[in-house]
Amino acid sequence: MLKKSTLLQKTKDKGNYRWVVVVLLFFATTINYLDRQVIGLLKPTLEKTFQWSEIDFSRMVMAFSFTYAIGLLFFGRWIDTIGTRRGYMVSVVVWSLAAMVHAFVSTTGGFMIARGLLGIGEAGNFPAAIKTVAEWFPRKERALATGLFNSGASVGAIVAPVLVPLLLASFGWQWAFIITGALGFIWLVCWIVFYALPARMPGLSAAELQHINSDEEENTGQENKAVSWGKLFGMRETWIFITGKFLADPIWWFFLFWMPSFFSSRFALDLSKPSLHLVVVYAATTVGSIGGGYFSSWLIRKGVPAVKARRISLLIAAICVVPVAFASRVNDIWMAVFLISLAAAAHNAWSANIFTIASDMFPRHTLSSVIGIGGMAGSLGGILFPLVTGHLLDFYKGQGNIILGYQALFIFCGTVYLLAWLIIHFLVPPKYKQL
């Protein structure tokens, strides 16, 4: 491992150490999504082993979503209080241990508890990461930085369909949980060695520090003034972020937890082997995450006001999701892969910009709290949607045609982003119409 001083010396002249921080955030997010994806890929194996129904599995997803929602609310507030360095460390330790606990349970209730613990720990990732980006980047670079680290969600989902079946075949399902969970502790060492706040980072160039703090609104002297939850909930800006998360996040979780099962049911895809089809779907999300962040940053460089640039990007993403409504009706697996890939990529473009619009509207000292509130809203949607999904799929499975259940779900997925965008459009306060 490189020493911090050596790495800083290499990046000091160019003033690019902030991108090293993005690399740390990227790998944390990759591990975060890898750990949560494992159970979806092991679903066929665990269903046979423990006789799960679709409703049983939906309850595990709901257990994760519920504790993730609560964890986001309190992690966001806590990280605003103790800072990103320590907050991230606690989050990674908790979720890594929780991921490994899955290997030692054997009942539906035990898996629900393990999923709940995983949700609590993983809740710290995005509040900490978004706040870190706000601390290390000026506004004009934040969407790209967010898109880059958020692409870790896609990479985690890409790695999982390859790694998990290999671990399953070589060591059994228990070791799939243990090995993936242990990766978080490797990242933790890198975080401790390479991360500090910009003002406290040894060897950071004065030019880069000045660049990081170049936004006038970040130098108002208000950094230590806390904002109550009540005041935040009373702001239209907060509800913009809540809307973008509540309606969109459950769709992404549906892609994560049910896509392997959909391909298995619709196209008889063998999930006990590495799946190129799933790799392609999740690889596309990397393009969406980075491309969505780059596009709005490009618009800003061309003179488009920041909030307007985010709204344009969100609209394009919402339109790109619409064709997924036909994913269950096509007969060719690669056409289904294309439609779902387009939607998943568009979701990550949406995600990069909905996170960044929050950092455009709120100062750094309240940002983790806002991210926590919006993340909680997304998780509440993630509680309700799996409940509907489980009952719907079990009903149609009982009727002998589970694909009709997926058809209804894909139609909903294809339309909900446009609804979210319309609500956001009317929520934007007049003062941001030109910002």
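Visitor: Which hand does the crossing of α4 and α5 have?

Guide: A crossing is left-handed if the near helix is turned anticlockwise from the far one by less than a right angle, and right-handed if clockwise. Here, α4 and α5 cross with the left hand. Keep in mind that this is a predicted model, where local features need pLDDT of at least 70, side-chain atom pairs count only at pLDDT 80 or more, and totals for chains, interfaces and linings use all residues. Residues are numbered from 1 along each chain as its sequence is written, and side-chain values use heavy atoms, with hydrogens and water left out.

Visitor: At what angle do the axes of α4 and α5 cross?

Guide: Helices (H or I, at least four residues) and strands (E, at least two) are DSSP runs, numbered from the N terminus. Axes are lines fitted to C-alpha atoms, for helices over the stretch in contact, with angles from 0 to 180 degrees between N-to-C directions. For α4 (residues 84-101) and α5 (residues 108-122), the axes cross at roughly 160 degrees and come within 7 Å. So α4 is roughly antiparallel to α5 (the label is for angles over 145 degrees; under 35 is roughly parallel, 65 to 115 roughly perpendicular, the rest oblique).

Visitor: Which residues of α4 and α5 meet?

Guide: Contact means heavy atoms within 4.5 Å. From α4 come Ser 91, Val 94, Trp 95, Ala 98, Ala 99 and Val 101, and they meet Ala 114, Leu 117, Leu 118, Gly 121 and Glu 122 of α5. By class, that's eight nonpolar, two polar and one charged (Ala, Val, Leu, Ile, Met, Phe, Trp, Tyr, Cys and Pro are nonpolar; Asp, Glu, Lys and Arg charged; the others, Gly among them, polar).

Visitor: What about phi: which sign does Gln 51 have?

Guide: Most residues other than glycine have a negative phi. Gln 51 has a positive one, near 60 degrees, and sits in the loop between α2 (17-50) and α3 (54-82). Gln 51 is exposed at 61% relative accessibility (exposed is over 50%, buried under 20%, partly exposed in between; 1.4 Å probe, protein chains only). Ala 268 also has a positive phi, near 55 degrees, in the loop between α11 (236-267) and α12 (276-301).

Visitor: How many disulfides are there?

Guide: A disulfide is a pair of cysteine sulfur atoms within 2.5 Å, and the count here is zero. Why? The sulfur of Cys 320 has its closest cysteine sulfur in Cys 413, 15 Å away, which is too far for a bond. Cys 413 is buried at 0%, while Cys 320 is partly exposed at 28%.
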